[in-house]
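Student: I have a structure open on my screen and would like to learn to read it piece by piece. Could we go through it together?

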Amino acid sequence: MGMSPVCARITASRLRLRYFALLALCLLLVAVAGPSAPGQAAANGPLLHLRGGSFDPLLDAPALPTALSDEPQLYLVQFVGPVHADWKVAVAQAGAQLYDYIPDYAFLARMDRVAAQRVQALAPVRWVGIYQPAYRLEAALRAPTLQAGQQLTLTVETLPAADLDALAAQIASLGGHVQHRAHNTLAGYLRVVLPAAALPPLASHTAVRWLESYHPPTVQNDVGGGQIMQAGRVWRDVGLYGSGQVVAVADTGLDTGDPDTLHPDIRGRLLQAYALGRPGDWSDLGMPRISGHGTHVAGSVLGNGALSGGVSDTFVYGGTYAGVAPAASLVFQSIGDSGGGLGGIPADYADLMRQAYQDGARIHSNSWGGLTGGANNPYGAYTTASRQVDQAMWEHPDMLVLYTAGNQGTDADRDGVIDRDSILSPGTAKNILTVGASETVRPEIRTGYTSDRRGLLYTRPVFLDRMTDNADGMAAFSSRGPTDDGRIKPDVVAPGTYIVSLRAGDNDGWSTLGEAELAEAGGPLDTAYVLQGGTSMAAALTAGGAALVREWLTRVQDIAAPSGALIKAVLINGAAQMAPGQYGTEQQQEIPTSQPNPVSGWGRVDLAASLGLDDTRTIWLRDNLTGLATGATATYTLTVAQLPTLQAAEPLRVTLAWTDYPAAAVAGRALVNDLDLEIIAPTGQRYTGNQAAAISSECVRAGGWDACNNVEGIVIDPAPAGDYSLRVHAYNVPQNERQPFALVAAWSATSQIPLKSLYLPLIVR
Ligand code: CA
């Protein structure tokens, strides 16, 4: 990776506007010369993975500026291998302050030149180099086509101690202005509008860590079950309805915006509402294009069907239009603005989760997302927003945050297969549960993907498919993974076509119940409910499912404050395989047979399987909050019995999930703390996490270990009787010294607790 001395001098010094064109050229050179094909230099040593590309800094380091006018201050420090805590202490003692982890084995560090020399001399330090201004710009901001006067909306990320007032003043002097600002323990954030000419001086500002285009998110019903998810069995068999659970929904608005006149299906269970997008108004009315969305998703989470026959006093919800957790409570954050956008989203997305956490919410549901980059690569990137929502879960490990995958699934090359790589941000985040959409089953509705309001996006066989005819099929529009750094997303899918939920005002959704002939037009059911579709609805239904899982963990499993990672692992470990899907064979098969895969993730949410409601299955779980340091291993033994009642051995399924430290936006890979799952079967056969997954070779370390995902799974099918050794290895834990994790296993056992008789509904008034 070569940067000419001229470029280096320009980028490292305070720039005047007339250098802009030259700098753009320099940045382009870095961009072009920087990325080497991943893996090329792997044999020579650890690479540095930046968003712009991967390289071995010892072989291919950018030329260091020799005539700096300013002290560089920000450096990259790479260690020789998996990071040990005492190495970080030694670097700190040499005068460096460490910030973000950058794979492999490197950190962003603030120090002076003398300290940099001391750090370079430490034995475990492999390489020290300047954190070049060019590294701080996402690819779209390095494009040579940018014009100096072009107005850009950006997210500016600073070091946590940065003086945001001073930076805002400097941005104003460069012709820009600040729209939103926020500050947390790891970073400062400004959302700004400024001319492109301001990029070079901002990129070389000592406090600026990262610059990225801001793409405003949109609600994800734009193309436009309890039964399929098995919520009904959880209600009936275990008596869990979401009682005592608080779910937060951040969305457009909520029905009338008045607690006294809210839709009867949610009235009385709203704990708190916030008007973040329109002063004093959190209603779901009067916003162009988006009104009605927030009410519909809130109903999917926890509506109780009061206007369709539900009786909450006696827990009668079956056969009604109730949501999945009909006894849960709601915190609502209205982010819709009067222009039909989502202008209430704060500069730090995590502020949404922090606010709701204070109100007791432990599930946070979000049915919206935005592009992750410019026209050349609009999807799949780990953005600043992704980092922020990952940080929200890192700060609050007993909260689970859910986001939609997005509705961007298309078949642009018209080969009959929905294209990969269309996940929105922050659905690209790693700690959260990212939800795609499968089909619901409503034979009475005959609409196909041909009538998609965006036009003829699909060819055969998608073109011929109906949207509501197969629970094991994907909604064609559901965004596909993987992420740009090779992680599996979505995590799970849930029904997202023609979902009935609450109607706000005269919102028509995809269809009214009257139009669909499900109710009398203009009658009470028609005015109370509406049909809507998208990954928005899938995420909301899954959030309701997460509330049921959390209630099961707290009341049946007696875990007082289950981690978000444990709820996620329980949902994933029971998810139903959907392959092969509805159409296609071999390369054209709708849903790959590999598990997980970037189409349906780990599969379709199945609450009955997740909670082991079938007679012969047992669920074993560990919420390890202490965690593991680099090099440590946790070992568990499971005994699988051969059941006399079963004809053949049944599968053993194990899922490991952990809430990882938030990644740097500049990092080319989002994984920070890398754990590995391993099982040794009674036969001596060895299995590694995700070895059956459709993941790229760059995500596999020597030995067959997954190096990208923070969810790892193993299915042994059939699993012969005997003792299985489950091992969780901490390969590299560069942040926080120890990495907590959740581990869930399901297999056949000889006895099952009669859950139904033991657990009566918790009545909360
Ligand atoms: Ca791993």
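**The calcium site and beyond**

Tutor: Happy to. Along the sequence, the residues that donate to the calcium ion follow the spacing D-L-D-x29-D-x5-E. Keep in mind as we go that this is a predicted model.

Student: Which protein atoms are the donors of the calcium ion, and at what distance do they lie?
Tutor: Two of the donor atoms are backbone oxygens, the O of L675 and the O of D706. Side-chain oxygens come from D674 (OD), D676 (OD) and E712 (OE). These donors lie from the ion at 2.2 to 2.4 Å.

Student: Is D676 buried or exposed?
Tutor: Buried means a relative accessible area under 20%. D674, a calcium donor, has 5% and so is buried. D676 has a relative accessible area of 2%, so D676 is buried.

Student: Moving to the nonpolar interior, which helix gives the largest share of the largest core?
Tutor: In soluble globular proteins, nonpolar side chains tend to be buried together. Here the largest nonpolar core has 121 residues, and L254, W368, W552, L553, V570, L607 and L621 have the most contacts inside it. The largest share of this core, 12 residues, comes from helix α14 (residues 535-555).

Student: Which residues of another core, apart from that one, can you name?
Tutor: The other core has 28 residues. One of them, L675, is also a donor of the calcium ion through its O atom. The residues of this core include L628, L656, L743 and L675.

Student: Are α14 and α15 roughly parallel or roughly perpendicular to each other?
Tutor: The axes of α14 and helix α15 (residues 564-573) come within 10 Å and cross at roughly 110 degrees. Angles of 65 to 115 degrees count as roughly perpendicular. The two helices, α14 and α15, are therefore roughly perpendicular.

Student: How many residues of the contact of α14 with α15 are charged?
Tutor: From α14 the contact takes A546, V549, R550, W552 and L553, and from α15 it takes L566, I567, V570 and L571. By class, 8 of the contact residues are nonpolar and none is polar. The number of charged ones is 1.

Student: What does L553 touch, leaving out residues up to four places away in sequence?
Tutor: L553 belongs to the α14 side of the contact with α15. Among the residues it touches are L566, I567 and V570, and these three are on the α15 side of that contact. The full list for L553 is D558, I559, P562, L566, I567, V570 and L621.

Student: How are α11 and α12 oriented, roughly parallel or roughly perpendicular?
Tutor: Helix α11 (residues 350-358) packs with α12 at an angle of about 30 degrees, their axes 8 Å apart. Angles under 35 degrees count as roughly parallel. So α11 and α12 are roughly parallel.

Student: Which residues of α12 make the contact with α11?
Tutor: The α11 side consists of A350, M353 and R354. Taken by class, the contact has 4 nonpolar, 2 polar and 2 charged residues. The α12 side is Q388, V389, Q391, A392 and E395.

Student: Is S386 buried or exposed?
Tutor: S386 sits in helix α12 (residues 384-395). Beyond its neighbours within four places in sequence, S386 is in contact with A381, S425, P426, T428 and A429. At 0% relative accessibility, S386 counts as buried.

Student: Where are the cis peptide bonds at P490 and P580?
Tutor: Most peptide bonds are trans. The bond from K489 to P490 is cis, with omega near 0 degrees, and the one from A579 to P580 is cis with omega near 5 degrees. P490 is in the loop between β18 (433-438) and β19 (492-495), while P580 is in the loop between α15 and α16 (607-610).

Student: F315 and E737 both have a positive phi; is E737 buried or exposed?
Tutor: Phi is near 55 degrees for F315 and near 65 degrees for E737. F315, in the loop between α10 (293-302) and β14 (329-334), is buried at 18% relative accessibility. E737 is in the loop between β31 (722-732) and β32 (739-748). With a relative accessible area of 55%, E737 is exposed.

Terms used. Residues are numbered from 1 along each chain as its sequence is written. This is a predicted model: local features need pLDDT of at least 70, side-chain atom pairs count only at pLDDT 80 or more; totals for chains, interfaces and linings use all residues. Side-chain values use heavy atoms; hydrogens and water are left out. Helices (H or I, at least four residues) and strands (E, at least two) are DSSP runs, numbered from the N terminus. Buried means under 20% relative accessible area, exposed over 50%, partly exposed in between (1.4 Å probe, protein chains only). Contact means heavy atoms within 4.5 Å. A nonpolar core is a set of buried Ala, Val, Leu, Ile, Met, Phe, Trp, Tyr and Cys residues joined through side-chain atoms within 4.5 Å. Donors are N, O and S atoms within 2.8 Å of the metal (3.2 Å for Na, K and Ca); water is not among the atoms, so sites may look incomplete. Axes are lines fitted to C-alpha atoms, for helices over the stretch in contact, and angles run from 0 to 180 degrees between N-to-C directions. Angles under 35 degrees count as roughly parallel, over 145 as roughly antiparallel, 65 to 115 as roughly perpendicular and the rest as oblique. Ala, Val, Leu, Ile, Met, Phe, Trp, Tyr, Cys and Pro count as nonpolar, Asp, Glu, Lys and Arg as charged, and the others, Gly among them, as polar.
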